[in-house]
Every structure is written in C-alpha cells, then in structure tokens.
Amino acid sequence: MRKCPINTPFERLFRFRRFYTHLLYMHNDIGQPMPEQMMAEFHKEMKALKGDMAVSQKLWAYNGLALYHYYRGEFSEALQWTNDFLNTPRTNVRTDLQAMVRIYNLLLHFDLGIYDLIEYNLKSTYRFIYK
C-alpha cells in the first residue's frame, strides 16, 4: 500500500486515512508498538496533510496518536497530541471523541503529576459533557 503511486492530494489523504490510521488503531488494539520507521512516516504524513484534512479526520488521527503514546507510557508525547486535539477550533463534529479526549487529558495530567491544572480541566470537562 505504501508503494502505490500517488497522483492527487485526494489519493494521499485516502492512503493516510485507510492505511496509516487503521494501522495505528490496530497496534493500539493489540498492544504492540508500531515500528519506529512506520511511526516516523505517520508523523511526516500527518504534518504534511494537516491543512488538507477534514476536521473529523484530523481529530481521529490526533486521538489515535495520543492513545498510541499513552499505551506506550509516553505521557508527555500523548499530552502533546491531546493538546493539538483540544486546540483545534471548536466544532460540533465528533463530540463523543471530544469528550473522551478531555477525560484522557485529565488522566495525562494526573500521570504526569501536573496537579495545578486538574481542577480547572475537571470543571471544563464536566461543563463540556453536560451542556
């Protein structure tokens, strides 16, 4: 799949969505780390396509990367991707995913020992879920 020629931006987005993100979620499900070379390719594609992706695709990829790093115990890297997710302009797309990432954000702050922001994030998450 990675060796297929890419002729249009749509094909590049399609490959990213179908190949890389599914591969990432598959590795999250089985608990095995993705090979470093493949992870580097994923990050490279993510940065290259950031402006062309639909909001839902971007949120889905950010969540997958945050979970991947969280499962590997790389909490600061997971927090970075969670912050990218949360800093995306507010939208009504995938509110279920948005609520879940806000809860992950609380867990990450706790795991990293950043207790100063937990109370604020807890109130913010509560308001988001119950609005």
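Helices here are DSSP runs of H or I with at least four residues, numbered from the N terminus. With that in hand, let's walk through this predicted model. From the N terminus on, the elements of the protein chain read α-α-α-α-α-α, which amounts to six helices and zero strands. The chain has 131 residues, and buried residues make up 40% of them. If we take the contacts between residues at least 6 apart in sequence, 56% join residues at least 24 apart.

A good place to start is the middle of the chain, with helix α2 (residues 36-49) and helix α3 (residues 55-71). These two pack at an angle of about 150 degrees, and their axes are 12 Å apart. Angles over 145 degrees count as roughly antiparallel, and α2 and α3 are therefore roughly antiparallel to each other. The crossing in which α2 passes α3 is left-handed. On the α2 side, the contact is made by Met39, Phe42, His43 and Met46, while α3 brings Lys58, Ala61, Tyr62, Leu65, Tyr68 and His69. Sorted by class, this contact has seven nonpolar, two polar and one charged residues.

Now follow α3 to its other partner in our tour, α4. The axes of α3 and α4 come within 7 Å and cross at roughly 165 degrees, which makes α3 roughly antiparallel to α4. Here, too, the crossing is left-handed. From α3, the residues making the contact are Leu59, Tyr62, Asn63, Leu65, Ala66, His69 and Tyr70; from α4, they are Phe75, Glu77, Ala78, Trp81, Thr82, Asp84 and Phe85. By class, the contact of α3 with α4 has nine nonpolar, three polar and two charged residues. Look for Tyr62, Leu65 and His69 in your viewer: these α3 residues take part in the contact with α2 and also in the contact with α4.

Several of these side chains turn up again in the nonpolar core. The largest such core has 20 residues, and those touching the most other members are Phe16, Met46, Met53, Leu65, Trp81 and Phe85. Helices α1 (9-30), α2, α3, α4 (75-86) and α5 (95-112) each supply at least two residues of this core. Which helix gives the most to this core? It is α3, with eight residues. Leu65, one of the core members that touch the most others, belongs to the α3 side of the contact with α2.

Toward the C terminus, α5 packs with helix α6 (residues 118-129) at an angle of about 165 degrees, with the axes 10 Å apart. The two helices are therefore roughly antiparallel to each other, and α5 passes α6 in a left-handed crossing. The α5 residues in this contact are Thr95, Gln98, Ala99, Arg102, Ile103, Asn105, Leu106, His109 and Phe110, and those of α6 are Ile118, Asn121, Leu122, Ser124, Thr125, Phe128 and Ile129. They divide into eight nonpolar, seven polar and one charged.

To finish, return to α1, where Arg12 lies. Is Arg12 buried, partly exposed or exposed? Its relative accessible area is 29%, and because the partly exposed class runs between 20% and 50%, Arg12 counts as partly exposed. Arg12 also offers a link across the sequence: its C-alpha atom is separated by 9.9 Å from that of Ala48, although the two residues are 36 residues apart along the chain.

Notes: Residues are numbered from 1 along each chain as its sequence is written. This is a predicted model: local features need pLDDT of at least 70, side-chain atom pairs count only at pLDDT 80 or more; totals for chains, interfaces and linings use all residues. Side-chain values use heavy atoms; hydrogens and water are left out. Axes are lines fitted to C-alpha atoms, for helices over the stretch in contact, and angles run from 0 to 180 degrees between N-to-C directions. Angles under 35 degrees count as roughly parallel, over 145 as roughly antiparallel, 65 to 115 as roughly perpendicular and the rest as oblique. A crossing is left-handed if the near helix is turned anticlockwise from the far one by less than a right angle, and right-handed if clockwise. Contact means heavy atoms within 4.5 Å. Ala, Val, Leu, Ile, Met, Phe, Trp, Tyr, Cys and Pro count as nonpolar, Asp, Glu, Lys and Arg as charged, and the others, Gly among them, as polar. A nonpolar core is a set of buried Ala, Val, Leu, Ile, Met, Phe, Trp, Tyr and Cys residues joined through side-chain atoms within 4.5 Å. Buried means under 20% relative accessible area, exposed over 50%, partly exposed in between (1.4 Å probe, protein chains only).
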